[in-house]
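Open the model in a viewer and set it to cartoon, with side chains available on demand. The stops below say what to select and what is found there.

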Amino acid sequence: IGVISGINNKDHVLNARPWINDACFADTTYWSRAPRKITAPAGGKNMSYKVGETWEDGDIIDVKLDCEQWCIQFYRNEKLLTNSVNTPDGKIPIYPNKTYYPIIAFYERNDVYSVMIE
């Protein structure tokens, strides 16, 4: 779960259902359930933040996108992931002055989501 700034090149989508880390997505910042890490672009390459946590059925995952400070924060059941991303406030920088879109990859057939805007 995370955000992207767009599609790099629609002619280069690798398959009909690209995965969240597919190269066709631009500036992808996401928390991956299986490897338990947050991946974010930084200086032309991807930076990985080891979270050490995953989510389970019934957990609520919040993504706070701040387009004034140009950062993103991830929460699990209202608990901010801070120490796990090695930043005191849990803020992960994103590229400034871009439009971002939510991105979600489902793992199980019965996974559900809802979008809440504050």
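Strands here are DSSP runs of at least two residues in state E, numbered from the N terminus, and two strands pair if DSSP finds at least two bridges between them. The model is predicted.

**The whole chain**

Start with everything selected. The protein has zero helices and eleven strands, so a cartoon coloured by secondary structure under the run rule will show strands and loops. Of the 118 residues, 37% count as buried. Among contacts between residues at least 6 apart in sequence, 42% join residues at least 24 apart.

**Strand β4 and its partners**

Select residues 29–32, which make up strand β4. In a regular strand the side chains alternate between the two faces of the sheet. Are the two faces of β4 covered or open? Both are covered: Thr29 and Trp31 on one side are buried, and so are Tyr30 and Ser32 on the other.

Add residues 2–4, strand β1, which pairs with β4 in the antiparallel sense over two bridges. Gly2 has Tyr30 as its bridge partner in β4. Next add residues 37–42, strand β5. The pairing of β4 with β5 is also antiparallel, over three bridges, and Trp31 is bridged to Ile38 of β5.

**The hairpin turn**

Zoom in on the connection between β4 and β5, a hairpin with four residues between the strands. Most residues other than glycine have a negative phi, and most peptide bonds are trans. Which residue in this turn has a positive phi? Arg36, with a value of about 55°. Arg36 counts as partly exposed because its relative accessibility is 39%, a value between the 20% and 50% limits.

A second residue to select for its backbone is Asn77, in the loop between β8 and β9 (79–80). Asn77 is not a glycine either, and its phi is near 50°. Its relative accessible area is 39%, so Asn77 is partly exposed.

**Thr54 and Ala42**

From Arg36, move to Thr54, in the loop between β6 (45–50) and β7 (61–66). Show everything in contact with Thr54: beyond four places in sequence, the residues it touches are Trp31, Arg33, Arg36, Asp59 and Arg76. Although Thr54 sits in a loop, it counts as buried because its relative accessibility is 11%.

Then select Ala42, in strand β5. Ala42 counts as partly exposed because its relative accessibility is 34%. Draw a distance from the C-alpha atom of Ala42 to that of Ile94: the two residues are 52 apart along the chain, and the atoms are separated by 7.8 Å. Leaving out residues up to four places away, Ala42 touches Met47 and Tyr95.

**The nonpolar cores**

Show Trp31, Ile38, Ile72, Phe74, Leu81 and Ile92 as sticks. These belong to the largest nonpolar core, which has 15 residues, and they touch the most other members. Strands β5 and β8 (71–76) each supply at least two residues of this core. Centre on Leu81: apart from neighbours within four places, Leu81 is in contact with Trp31, Ile38, Val51, Glu53, Phe74 and Gly90. A second, separate core has seven residues, among them Ile4, Ile20, Cys24 and Ala105.

**The cavity**

Rolling a probe the size of a water molecule over the atoms shows where empty space is left. How many cavities of 30 Å³ or more does a search of the whole structure find? One, with a volume of about 40 Å³. To see its lining, select Ile1, Ile20, Tyr30, Trp31, Ser32, Trp55, Ala105 and Tyr107. By class the lining has seven nonpolar, one polar and no charged residues.

**The largest pocket**

Finish with a surface view of the largest pocket, whose volume is about 1300 Å³. The pocket is lined by 33 residues, and the closest to its centre are Ile1, Ile61, Asp62, Val63 and Ser114. Strands β1, β7 and β11 (101–103) each supply at least two residues of the lining. Which strand gives the most? That is β7, with six residues. Coloured by class, the lining divides into 21 nonpolar, three polar and nine charged residues.

Technical notes: Residues numbered from 1 in each chain as written. Predicted model: local features only at pLDDT ≥ 70, side-chain atom pairs only at ≥ 80, totals over all residues. Heavy atoms only, no water. Buried < 20%, exposed > 50% of the residue type's maximum accessible area, 1.4 Å probe, protein only. Contact = heavy atoms within 4.5 Å. 1 Å grid on protein atoms, 1.4 Å probe; cavity = no way out; pocket = protein on both sides within 12 Å on 5 of 7 lines; lining within 4 Å. Points joined across faces, edges and corners; volume = space filled by probe spheres on them. Nonpolar A, V, L, I, M, F, W, Y, C, P; charged D, E, K, R; others polar. Core = buried A, V, L, I, M, F, W, Y, C linked by side-chain atoms within 4.5 Å.
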